[in-house]
Every structure is written in structure tokens, then in C-alpha cells.
Amino acid sequence: MEKVSLYLHLLGVGMLLSLLFVSPLAEKALRKSSPADAVTIHRFINQLGVLSPFAVALLLFTGVGNIIFFHVSLKTAQWLQAKLLFYFVLLLIGAVNGPFLKRRLELYRARAEKQTPELDARIAAFNTREAFFLIWQWILVLLIIALSVFR
Ligand code: HEM
């Protein structure tokens, strides 16, 4: 049973990393595309975003499974305490990012109908914040992996 739990945990890690690899590529395509194409690409980004809660939930359930099956003590394992802290910060960023992406999609839709300098400026501000979110998600996931592997 411990093997199943660990392999499913690693599947969750793979899912999360895949999403983190695709996201910057999709963001780059979004910025370089025409206003009409950008709406299609943004819809794709939002659909990808819907997958991340599944990966994060899989990691939580199998992580609890790992704690039980590998007899890891949450009281003494400092790597696990730090890991959980980073994991919850990651959840927080994800929870803010979901509604944020919906609002940004509306801006892209409005721009596809009528491009104005004001809309361009708002979209640019949203894009900068999204890049910031992505960088932090990468940093946190790499820290979590490092803590898990070099504990
Ligand atoms: C972004 C979230 C997470 C990532 C990227 C991640 C990554 C990993 C990796 C790569 C390993 C394998 C380490 C190895 O065998 O060398 C691992 C093991 C482990 N993870 Fe996670 N994990 C995450 C979330 C969680 C959560 C939320 C929990 C607890 C609720 C958890 C508990 C554990 C435990 C106890 C092990 C050790 C299993 C053993 O002793 O071999 N993980 N994790």
C-alpha cells in the first residue's frame, strides 16, 4: 500500500510540474497573439487552471497516506513541517489566481471587441502580476521537492 501511495504522490508531482511547464509557454503565446487569438489561448489557460486543484488534492491525500504508511512523525520531521507551510502558501496563491484569471479573461474578451489604451494598460498590469504568481509557484514547488528529497 505504501508503494501505491508514493507512486500516486509522484503522479501528483508530475501533474503539478507539467502545469508549471506549460503555463509560461501559454503566457508567452498569449502576449504575442492577436486580440482574437488571445481569447482562445486564455480560455485554454483557464481550463488548465481547473486541473491544478486535482493535482493539489491528490498530493494532499497521498501525502497523508505517506505519513501513515511510512510512519513519518509530523511532530519531529522538520522537513515535513516546512513542506506543509510552503504547500499552504502554494494553495493560497492558487486560490487567489483562479478568480484573477477569470477577471483577466474578461479584459481580454473586451479587448477583442474594442482595443483601447486603457484596456491595454490594465491587461499589462494583470500580466505582470500573473508572471509574479508563476515565479512564486515555481519557487515554492522547487523548495517543496528539495525538502522532500534532501530531508
Ligand atoms: C506541492 C506539493 C508536494 C510536492 C511537490 C511533494 C513532493 C514529494 C516528493 C518528490 C516526494 C518523494 C521523496 C523521495 O522519495 O525521495 C515526497 C514524499 C513525501 N511527501 Fe510529498 N509533496 C507534496 C505535498 C505533500 C503533502 C501535502 C504531504 C503531507 C500531507 C506530503 C507528505 C510526504 C511524505 C510523508 C513523503 C515521504 C514518503 C517517504 O518516506 O518516502 N507531501 N513528496
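The legends below describe close-up views of a predicted model.

**View 1. The whole protein, a chain of four helices.** In this predicted model, the protein contains 4 helices and 0 strands, and its elements, read along the sequence, follow the pattern α-α-α-α. Taken along the principal axes, the C-alpha atoms fill a box of roughly 60 × 25 × 20 Å. Of the 151 residues in the protein, 13% are buried. Among contacts with a separation of 6 or more, 77% are made by residues that lie 24 or more positions apart.

**View 2. Helix α2 and its buried residues.** The 35 residues of α2 should span 51 Å at 1.5 Å a residue, and because the end C-alpha atoms of the helix are 51 Å apart, the expected and computed spans agree. The buried residues of α2 are A38, H42, S52, A55, L59, T62 and G63, and the elements that cover these residues include α1 and α3. After α2 comes H71, a residue with a positive phi, and the loop that holds H71 is shown in the next view.

**View 3. H71 in the loop between α2 and α3.** H71 is found in the loop that runs between α2 and α3. The phi angle of H71 is near 50 degrees, which is a positive value in a residue other than glycine. H71 is exposed, because 8 other C-beta atoms lie within 10 Å, and a residue counts as exposed when that number is 12 or fewer.

**View 4. Helix α3 and what its buried residues pack against.** Helix α3 covers residues 78–113, and its 36 residues should span 52 Å at 1.5 Å a residue; the distance between its end C-alpha atoms is 53 Å, which agrees. L80, Y87, L90, R104 and Y108 are buried in α3. These buried residues pack against α2, residues 35–69, and against α4, residues 117–149.

**View 5. G94 in helix α3, in contact with S52 and V56.** G94 is found in helix α3. With 16 other C-beta atoms within 10 Å, G94 is partly exposed, since a residue is buried only when 20 or more such atoms are counted and exposed when there are 12 or fewer. When residues up to four places away in sequence are not counted, G94 touches S52 and V56, and S52 is one of the buried residues of α2. G94 and Q137 are 43 residues apart along the chain, and their C-alpha atoms are separated by 8.5 Å; Q137 is itself among the buried residues of α4.

**View 6. K83 in helix α3, in contact with I144, L147 and S148.** K83 is also found in helix α3. K83 has 19 C-beta neighbours inside 10 Å and therefore counts as partly exposed, because a residue needs 20 or more to be buried. Leaving aside neighbours within four places in sequence, K83 is in contact with I144, L147 and S148; of these, I144 is listed among the buried residues of α4, and S148 is one of the residues closest to the ligand. K83 and V141, which are 58 residues apart in sequence, are 9.4 Å apart in space from C-alpha to C-alpha.

**View 7. Helix α4, with its buried residues and L143.** The 33 residues of α4 reach 48 Å from the first C-alpha to the last, close to the 48 Å expected at 1.5 Å a residue. I123, Q137 and I144 are the buried residues of α4, and what covers them includes α1 and α3. L143, which is also found in helix α4, is partly exposed, with 17 other C-beta atoms within 10 Å. From C-alpha to C-alpha, L143 and S18 are 17 Å apart in space, although they are 125 residues apart in sequence.

**View 8. The shell around the ligand.** The ligand is surrounded by 21 residues, of which the closest are L59, G63, N66, F70 and S148. The elements that give two or more residues to this shell are α1, residues 2–32, together with α2, α3 and α4. The largest share, 6 residues, comes from α2, and two of the closest residues, L59 and G63, are also among the buried residues of that helix. By residue type, the shell divides into 16 nonpolar, 4 polar and 1 charged.

Methods:
Residues numbered from 1 in each chain as written. Predicted model: local features only at pLDDT ≥ 70, side-chain atom pairs only at ≥ 80, totals over all residues. Expected span 1.5 Å × (residues − 1). Contact = placed C-beta atoms within 7 Å. Near = placed C-beta within 6 Å. Nonpolar A, V, L, I, M, F, W, Y, C, P; charged D, E, K, R; others polar.
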